[in-house]
Amino acid sequence: MKRIDYLGILLIIGIGLLFRFYIITFLPIKNLLAEPILLTDLLGNGQSISWLTITSFGMVNILLIWIVSLYLFGRLNAFINSSLYSLSPWSAYLDVSGSIYILILTLLLISFLGFQIFVKFKYDIGFYMILISLGLLLYTHILMLIVVPILLILLIKKGVFKQLRLKIFYIFFAIAFLILIGLMIGNKEGVTNLTRLHFNFLLDPRLINSVNEYQGELRMSPYFNVGRFIENKYTFVGQYIIFNVLKQFTPATYFTSQQTMLDFSFTPPVFLGFIIPFTLGLFLIRIRRKYAAVIAFFILLLPSIVSKASPNLERLILIAPVFYLIISQGLEKLVQKRKHNIYKILLIVTLFLVIFQVLLTFIDIAFLEEMRIKEFHS
Amino acid sequence: MFKNIKLILILLFLIGGLLRFYAITKNPVSLNIDEVSIGYNAYSILKTARDEHGEFLPLSFKSVGDYKPPILIYLTVPSIALFGLNEFGVRFPVAFISSFGILIIHLFIKELTKNVKLSLIASALYAFSPWSIYFSRYSTESSLALFFILTGMFFLLKMKNGRKIYLFLSAFFLSLSMYTYHTERLFVPLLILLFFFLNRSFVFLNKGKAISFLAIYFLFSFPLILSILFGQDKTRVQSTFITTDINFYRNVLVKDEVGDLAPTDYAWMFFYWARKFLNYFQPSFLFHSGLNLTKTGTFGLGVLYLFELPFLALALFYLIKNKTSYLLLIFGWIVLGILPASLTNNEQHALRTLVILPMLLLISAVGIEIFLKLINDIKHIQIKIAVYSISVILIIWNLTFALLVYSIHFPKQQGEAFMEGTKEAVEYALSNKEKYDKIIFDPVRGIQGPYISSIPHEYVLFYSKYDPVSYQPAKKRLMDGSFSFDKFEFRSIDWSKDSEAKNVLLIGSPWSLPEKELKEEEILEKVYLSGGQLAFLIVSPRRSK
């Protein structure tokens, strides 16, 4: 690691910070998404985490992404990945609006880094990073009650921890779960409210109305008997879940303003130009026999899938590093093969579109986004 | 299994024809504005060789100000002559020709891929395609244009190895498709360019054929090009272009109305267009509710069946991995097919993107072929049976769901989109016409609000079989701006004033004729939609000063 690498990452973090301060200069979105962590809610002190704290964690995320990418994919990839996160409107908007998912992402990245340190270098610090980060994650958000246990099971199945460490692992999480369950029993009403608020995808009125209305219409038709097997709440819920899952994989969600970040923004989560390296990166990613990684990826999609407003860009930030990884793989390929005509053209188009949209985004934030907040944000 | 190809094709043709013709006059529940206009203009051409506005054999039909392409109307003329000016006469041409689409898609894909199995699977998918069936069951230019494109492309492929007549036929059908629907006017020239680019070595070696083709194509298309650049079709382009999209002004520029764009606004327009373009790949459009057969956000039918999703994924992986020869044509066709629709001022529009259906079906067919091979390679018989059974059950479930959506929920939920109720109101007015001095019809309607302008005068012309000879020259626009002919007046009803009128029949929605303000003896008839909502009140005032 050279000094220039450290300077490089500091520069990227600095640019990221400047971008976030630019956003809050023009847009009144500080703490727009702020919410308390689960532990404080259960203890009856629902103090939201301030946007400044969340933004700090956002900066930590840039550093963590850089370190992880450096270990796994090399220098170029590390700088591309961290730059993407730093300058991405997706993470920037969520940082300054105080989204708790930024903090959740930080803990996930720490656990992942810990995993790499432990597996590759056999350092104990890696093991303790996993324990502490996943333990804290349990107390951060109610949705982590479905994410963390599955991640723990994956770790156990992978057989990474042996003997003493495995015992420490079991004891630590047993205690963590017991304390959490105790707190939840002591605050049942709070837990019920939180569950309704965050696991609300089946409360979508369109789903409920569909079931009722369709059955009403079917009852008056000659197809009623057949229709009962084809159209009932189980088949509708099944379809609803399938479509909720499919929505997470739609290009328009990430590269256009289809989902309107924070309910008002025309800025896309990821700049449109990156769709080219993203598409290329999809073919370069090797997922054969990496079942644990694939399962972990799908687990991280769950918070968005169970959201009523799915795809939920706030919750999807948890998979943003994977997204940026795919883009960086594609970009790296484009750069490596830039001497071939087709790759050269694709690289030029990518850079042109990205730079064009970055400039447009800066102008848009300064002149139009605030008007959109007043017009559209409830 | 594929020995008796002709038998299979005949069977598919009959089944596909049945799905397109069965109860065609009852579902969709009513003729919509376009169908009524197409029907009456065809009737007018039949009687007078002029359209409803008196123009002699036009290349572009002014109709209700939307400048309809000519081919469907001219093809409806013999249908009206044979079956009369009614629902069947109007809907017959598209259903009939679209049924032959099952055969032409087989020919086209067989010529493209040299794979008979694949082409038969694609034909089967087309026969049952919700996208094709829906737009074949009512009078739409898009289905017809698609048939002409497939025919034209079939002959274009044949031209590579065949006789010069194919050259002529290809150019003819491709340019004919441009006279049939607006999307094709941008799509077809680009498709030809794409085809020539992908087959550039052939073009280079057969310059004579290529030039002859282009010359014939240009010759056929020339009148249309003039109309688009300088004539009435220019109006159509201007009124539907993306620069008139109100949502762009409201949501992006945060302005209340459509206006002139500053040069810098085009930068935002580009990314707004990119959003519209990519929206066509949304699962909701493809598999959930793209056909708009049910209320927004509820379960409906996408342009493809849900069971096709895994086959599409499988096929894409296979096609890209094996760098299949026609892969670029598939992707290019899809991208170019979505382009015209993405440049208009609507969100996802299934009618305008129907051109991409053949390629999507081809991809699905490839996926199904691979899937069948994979199942056949399974050694354990029980697993093989289980996989087959589950697949068949899912397909049957999906097809049955589609049937229920189309036959039960669609008429009840989207009757208003097809102007349901207007026919009944008009027929009442026509049968009681002699009793009144004036019949006033308020065009505005809507269950959710007074948002729909129903253009009822076209329905009056259609269902009364109004003599075009007397309609064409009649002065129809009154001094106060309202539209009128014969005893009929089409304007807003103001009940506070119109309630004083004598010997007048008023037809309007509850927005213009609030039930609470009407006396019971004044309400002569109520017209309801299939979903039970009140569409129109037919009223004759019984108040004296």
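This is a short talk on the contact between two chains, a surface patch on chain A and one buried residue of chain B.

Hi everyone, thanks for coming. Please keep in mind throughout that what you have in front of you is a predicted model.

Let's begin where chain A meets chain B. How much area is buried between chain A and chain B? The value comes to about 3700 Å², and carbon and sulfur atoms give 75% of it. For anyone new to this kind of number, the size of an interface is often given as the accessible area lost when the parts come together. In terms of residues, chain A puts 44 into the contact and chain B puts in 39.

Now for the polar side of that interface. Between chain A and chain B, 12 residue pairs are in polar contact, counting pairs with both residues at pLDDT 80 or more. Which elements of chain A give two or more residues to the side that touches chain B? They are α11 (205-219), α12 (224-230), α13 (233-247), α14 (251-255), α15 (275-284), α19 (341-367) and α20 (369-376). Of these, α13(A) gives the most, with eight residues.

How many salt bridges does the rule find across the interface? Just one. In that salt bridge, the side chain of E213(A) meets the side chain of K295(B), with 2.5 Å from N to O.

Next, let's move to the surface of chain A. There you can pick out a nonpolar patch made of I156(A), Y170(A), I171(A), I175(A) and I179(A). Together these residues have about 460 Å² of accessible area. Helix α9 of chain A, residues 163-186, supplies the largest share of the patch, namely four residues. I156(A), on the other hand, sits in helix α8, which covers residues 144-158 of chain A. Is I156(A) buried or exposed? Somewhere in between: I156(A) is partly exposed, because its relative accessible area is 32%, and the cut-offs are under 20% for buried and over 50% for exposed.

Last stop, and a contrasting one: T422(B), in helix α20 of chain B, residues 422-431. T422(B) counts as buried because its relative accessibility is 0%. What does the side chain of T422(B) reach at 2.9 Å? That would be the backbone oxygen of M419(B). The side chain of T422(B) also makes a polar contact of 3.0 Å with the side chain of R445(B). If we set aside neighbours within four places in sequence, T422(B) is in contact with F441(B), R445(B), P456(B), Y459(B) and F536(B).

That's my tour, and I'm happy to go back to any of these places with you.

Terms used: Residues numbered from 1 in each chain as written. Chains lettered and ligands numbered in written order. Predicted model: local features only at pLDDT ≥ 70, side-chain atom pairs only at ≥ 80, totals over all residues. Heavy atoms only, no water. Patch = residues over 30% accessible without salt bridge, like charges linked within 9 Å, V, L, I, M, F, W, Y side chains within 5 Å. Areas by Shrake-Rupley, 256 points an atom, 1.4 Å probe, with all protein chains shown as cover. Salt bridge = Lys/Arg side-chain N within 4 Å of Asp/Glu carboxyl O. Buried < 20%, exposed > 50% of the residue type's maximum accessible area, 1.4 Å probe, protein only. Contact = heavy atoms within 4.5 Å. Buried area = accessible area lost by both parts, 1.4 Å probe. Polar contact = N/O pair within 3.5 Å; in protein donor to acceptor, adjacent residues only side chain to side chain.
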